[in-house]
Amino acid sequence: MTEILATPIVRAIGLTKQVDTGGTQLIILSDVSFEVASGEAVAILGVSGSGKSTLLGLLAGLDTPSAGGVSIDGADLFALDEDGRAALRARLVGFIFQSFQLLPAFTALENVMLPLELAGIADARTKAHAMLERVGLAARVGHYPKQLSGGEQQRVAIARAFACEPKLLFADEPTGNLDAATGAQVIDLMFELNRERHTTLVLVTHDEALSRRCGRQLRLAAGRLAG
Amino acid sequence: MLKWWQEIVLALKLLLRDYRAGELTLLIAAIVIAVGSLTTVGFFTDRVRLALTQQSNQLLGADLTIVSDRPIAGELESEARARGLAVTRALRFPSMVTHGADTLLSDVKALAPGYPLRGEVRLADRLFGDERVAQAVPAAGTAWVDDRMLTRLNLKPGDVIGVGALKLRVAALVTHEPDSVIGFINSMPRLLLNEADIAASGLVQTGSRVRYRLYIAGNSAAVDAYRQWAQTRIGPGQNIEGIRDARPEIRSALERAERFLGLAALMSVILSAVAIALAARRFLQRHIDGCAVMRCLGTRQSVIVRLYVLHFAVLGAVASALGCAVGYAAQSVLASMLGGLIEVALPWPGALPAWQGLTTGVLLLLGFALPPLISLGQVPMLRVLRRELGVPQGSGAIGYALGLAVICALILWKAHELRLGLYVLGGFLGVATLSALLVLAVLRLLSRLRTEGGMSWRYGVANLRRHALGNTLQVVALGLGIMALLTLTLIRGDLLHSWQATLRPDSPNRFLINIQPDQVQPLGAFFAVHGMAKPDLFPMVRGRLIAINDRPVSSADYSEDRAKRLIDREFNLSWAQQPQPDNRIIAGRWWDARDRDTEQLSVENGIAETLGIKLGDRLTYDVAGSQFTATVTSLRKVDWDSFRVNFFVIASPALLRDSPVSYITSLYVPQGQVTMLNALVGEFPNLVVIDVAQIMAQVQKMMEQVSNAVQFVFLFTLAAGLVVLYAAIASTRDEREYEAAIMRTLGASRRQIAATQFAEFALMGALAGLLAAAGASALGYALAIKVLNVPYLGNPWIWLIGVGSGAAGVALAGMLGTRRVLAVPPLQSLRRVG
């Protein structure tokens, strides 16, 4: 069990999300509070529709909550405006999605360069190249996403997520669109990099086996943290 | 299983639902513009055509007229009378009219009693006064003048004016007359007088440009019989016009206007077709899931296709009707722009243009929207489960065959003749292909260079390159719209400027014509008294070309309007010992000055080309009834812009020396000495003084009227270009929203995303502007060299303005069209589109 350090890098307090569906309020998340310490690996587990992807989106500031708040590395996420949250993500956060979300117009290299350039980091090209080499895609840098297999696309996404050396990595069902063997390779790679770079990992999944590779599991059911 | 009427009801329901959801706005806009531009031109030309058929005897002033450039044989008139037909005559010529110290070049018409046989002449006593119908022609010794003469010579009824040797009292202001000229260049102030005064005026002399007209009216059988009889008795230079073929000059002007305005309107139709194709693709993408579900629920493929074909046919009909309404409103603007050129009240248009508009609109929509529609029926049902199965691909270019066939048919129809139609079609395809290749090449080059430069620029270029084909289409379509505007704003001014720049400031600004041989000496003395050098006088003989190499020629041998006119009418011949300094011999040899009895001709090369005359040909001319034949021994190039007197055909002196002759000259009169001209006309009342500046002003005014009309039609082109732009932006909005969301997830600020999109749109606009500037320059060059014969000076601004306005316009439109992309929280975008 990882020891919990004094300052949590993620702190969620009373997070609530409701949506209006034709006059009736649908509660997706209700009063969710927890903390994630720096360097920790946390899995958020739950069945489909339990609200886990919404929770991840709120933690990353990709959507706004109906009530409650999130602080990342001590900064109150929703006190910032949209651009302020983007700047914070550029500085601290990496992302891995279930459906890879690579930009189709850009080559593998350009996709990895993008967050480096957005954060204004010098030498983006060299760093992106090194990162792609690290995930074993040195020969595919000039390829476009549609020329890559699913596993390769997810490896590009992992390279992109780690390129800026984020303190915090959010992963949303990273193996959901991959077959079991490829998924296992991708997960191994993600945990390897996570260890190398001492990144804090928040992973959303419904896969019990995968969640057990994380130090802590949070279970979400009907929008509430269970247990 | 749906019954047929249930299918119709369902199709209408789907249509209404799509309309409410805003899915059809772009398609409707594109069709309204296409049909609107076609029917604007259609309604307007229909009104002129109806005016020609319904009012043709008023336009003629009779049921039949014979027009001639020499007196009409008495036999033609007496035969008509013998057949019990009503007959009258008129003759028309240009002449100076004087009032006190003022002189004015005018269009004089002398009327015989009985004029007009059809329609009426209306008179008033002052400007805007009450009109009354004239009961007779002007009494001998009096004149009726039009408003222009009244104001320019500062006249009122009762004033006495001078016409040649005559003094006439102004009896009335003429406000309307049948068979008046169409405006164009002949729009000189008009004066009507009695035929009986002509003999005393001394104005009809050798070399006078007189047009004679015989008017005939009666019951149609008798008129037809007379026409058949007269047909065999008229000679060259004489024409018969009946109510079915009245006013051939208006008909040919109408034909030209219809052709060019129609082709201009087609530009917007073609652009609209692009917009329809783009909008239909987006429609397909939006409806694909619904169709997959419908198929899962048991709807057959053929039913889906039928539902949507019906849906689109109704949409096409409704939008086309809307387009017809727009065209109906817009045609009145066109009529007010060009109506001044035709002095007849235009009747309301018929329904034919509306039917043509409706058919075109529906066919255009089905032609360009059907291919994606048909693929809707082929949606794999499994897509409901597996979205990545994607959109069935249409059959590509073959799928659009119907649409392309509609466009080709429209071009051939609007061009009125196969050859011009094929030229336009070929030209359009050529230009479109060339432009597309150019844009693709530039995109390829830019993507090579995209490792350089800032992030926004590189990602902007990457986005453009990804949809290279689609973006090329948009750039070409936008380029066409911008080109239309550049041509009409910058190029038009440039050409006029180039033309005026070729005129030297001391170029002759007045022509004197109609100088009689006995006036040559006194005229020299007149100039000496007024301290001016005696200008060179050139002999002028009016003759008609009747045979080439002993083979008789008639206007029917030629297809070109200009050639027909040259054969039908007399034109001016001259003789000279030496070629003029501004003439250059380009083939053959000028005659030897020592050989006084040589019989040779020198022909201007332009007219030689028009009439198919070659060096060594033998030309036969009829001069006042006697004929001569001589060989063409040289071809000349003439600098017409020198505004000096020049002749198409010059004979060696021996050939024409004894023919009836008048003289012509050109001279430069400084602004301060214009009053000298009044004295000149006072002393030599038969002289006609032509003011070059005034003619140029008239030409310029006409060019402006016509180009304003074309510009108006091009407004539809611009609108269509904007719809293409909007459709293009709309068709990529989902992608943009998705990509913006990913970029924001990765930490991009709104400004960074906006900058990337700005770079992409501005680059696309700049490319379109570049293409437009190149196209407009090429067009300007072609017009300058081929049509106006002036050197094309070029205009560097056109590149700057083309590229600048293209980039700014598209960037602005693009940013406005995609501003929503930046407003949605990223997670929503990723969920909705991703």
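The questions and answers below go through a predicted model of chains A and B.

User: How many residues does chain A have, and what radius of gyration would a compact globule of that length have?

Analyst: Chain A holds seven helices and 10 strands, and its C-alpha atoms fill a box of roughly 50 × 45 × 35 Å along the principal axes. The radius of gyration of chain A is 17 Å, which agrees with the value expected for a compact globule. Chain A has 227 residues, and a compact globule of that length would have a radius of gyration near 17 Å.

User: What is the average pLDDT of chain A, and over which residues does pLDDT stay under 50?

Analyst: In chain A 97% of the residues score at least 70, and the average pLDDT is 87. For the stretch under 50 the model has seven contacts beyond four places in sequence, and that stretch is residues 1-5 of chain A.

User: In what order do the strands of the open sheet of four strands in chain A run?

Analyst: The pairing in this open sheet is antiparallel, and E2 and E5 of chain A are the edge strands, each pairing on one side only. Strand E1 (residues 8-21) and strand E2 (residues 24-37) of chain A pair over 10 bridges, while E1(A) and E4(A) pair over five bridges, with Ile13(A) standing opposite Gly69(A) in E4(A). The order of the strands in chain A is E2-E1-E4-E5.

User: Which residue takes a positive phi in the hairpin of E1(A) and E2(A)?

Analyst: The two strands of this hairpin pair in the antiparallel sense, and Thr21(A) stands opposite Thr24(A) in E2(A). Two residues lie between the strands, and the one with a positive phi near 55° is Gly22(A).

User: Is Asp73(A) buried, partly exposed or exposed?

Analyst: Most residues other than glycine have a negative phi. Asp73(A), although not a glycine, has a positive phi of about 50°, and it lies in the loop between strand E4 (67-72) and strand E5 (75-76) of chain A. Because Asp73(A) has 18 C-beta neighbours inside 10 Å, it counts as partly exposed.

User: Is His198(A) buried or exposed?

Analyst: His198(A) lies in the loop between helix H6 (180-197) and strand E8 (200-205) of chain A, and its phi is near 50°, a positive value in a residue other than glycine. Because there are 10 other C-beta atoms within 10 Å, His198(A) is exposed.

User: How far apart do the C-alpha centres of domain 3 and domain 4 of chain B lie?

Analyst: The domain assignment of chain B places domain 3 at 417-505 + 692-834 and domain 4 at 510-667, with domain 1 at 1-56 + 255-416 and domain 2 at 64-242. The C-alpha trace of the whole chain B spans about 100 × 65 × 55 Å along its principal axes. The C-alpha centres of domain 3 and domain 4 of chain B are separated by 50 Å.

User: Which two residues of chain B are joined by a cis peptide bond?

Analyst: Most peptide bonds are trans. The proline of this cis bond, Pro116(B), lies in the loop between strand E3 (102-111) and strand E4 (122-124) of chain B. With omega at about -10°, the cis bond joins Tyr115(B) and Pro116(B).

User: Which helices of chain B each supply at least two residues of the side that touches chain A?

Analyst: In the interface, 19 residues of chain B are in contact with 23 residues of chain A. By class, the side of chain B that touches chain A has eight nonpolar, seven polar and four charged residues. The helices of chain B that each supply at least two of its residues are H13 (455-466), H21 (733-745), H22 (750-788) and H24 (826-833).

User: Which residues does Ala748(B) touch, not counting those up to four places away in sequence?

Analyst: Ala748(B) has its place in the loop between H21 and H22 of chain B, and it counts as buried because it has 29 C-beta neighbours inside 10 Å. Its C-alpha atom is separated by 38 Å from that of Leu486(B), which is 262 residues apart along the chain. With residues up to four places away left out, Ala748(B) touches Ala86(A), Leu118(A), Met743(B) and Ile753(B).

Note on methods. Residues numbered from 1 in each chain as written. Chains lettered and ligands numbered in written order. Predicted model: local features only at pLDDT ≥ 70, side-chain atom pairs only at ≥ 80, totals over all residues. Contact = placed C-beta atoms within 7 Å. Nonpolar A, V, L, I, M, F, W, Y, C, P; charged D, E, K, R; others polar. Pairing = 2+ DSSP bridges. Domains from an automatic or database assignment. pLDDT = per-residue confidence, 0-100. Rg over C-alpha atoms; globule rule 2.2 N^0.38 Å. Buried ≥ 20, exposed ≤ 12 C-beta atoms within 10 Å, placed from the backbone.
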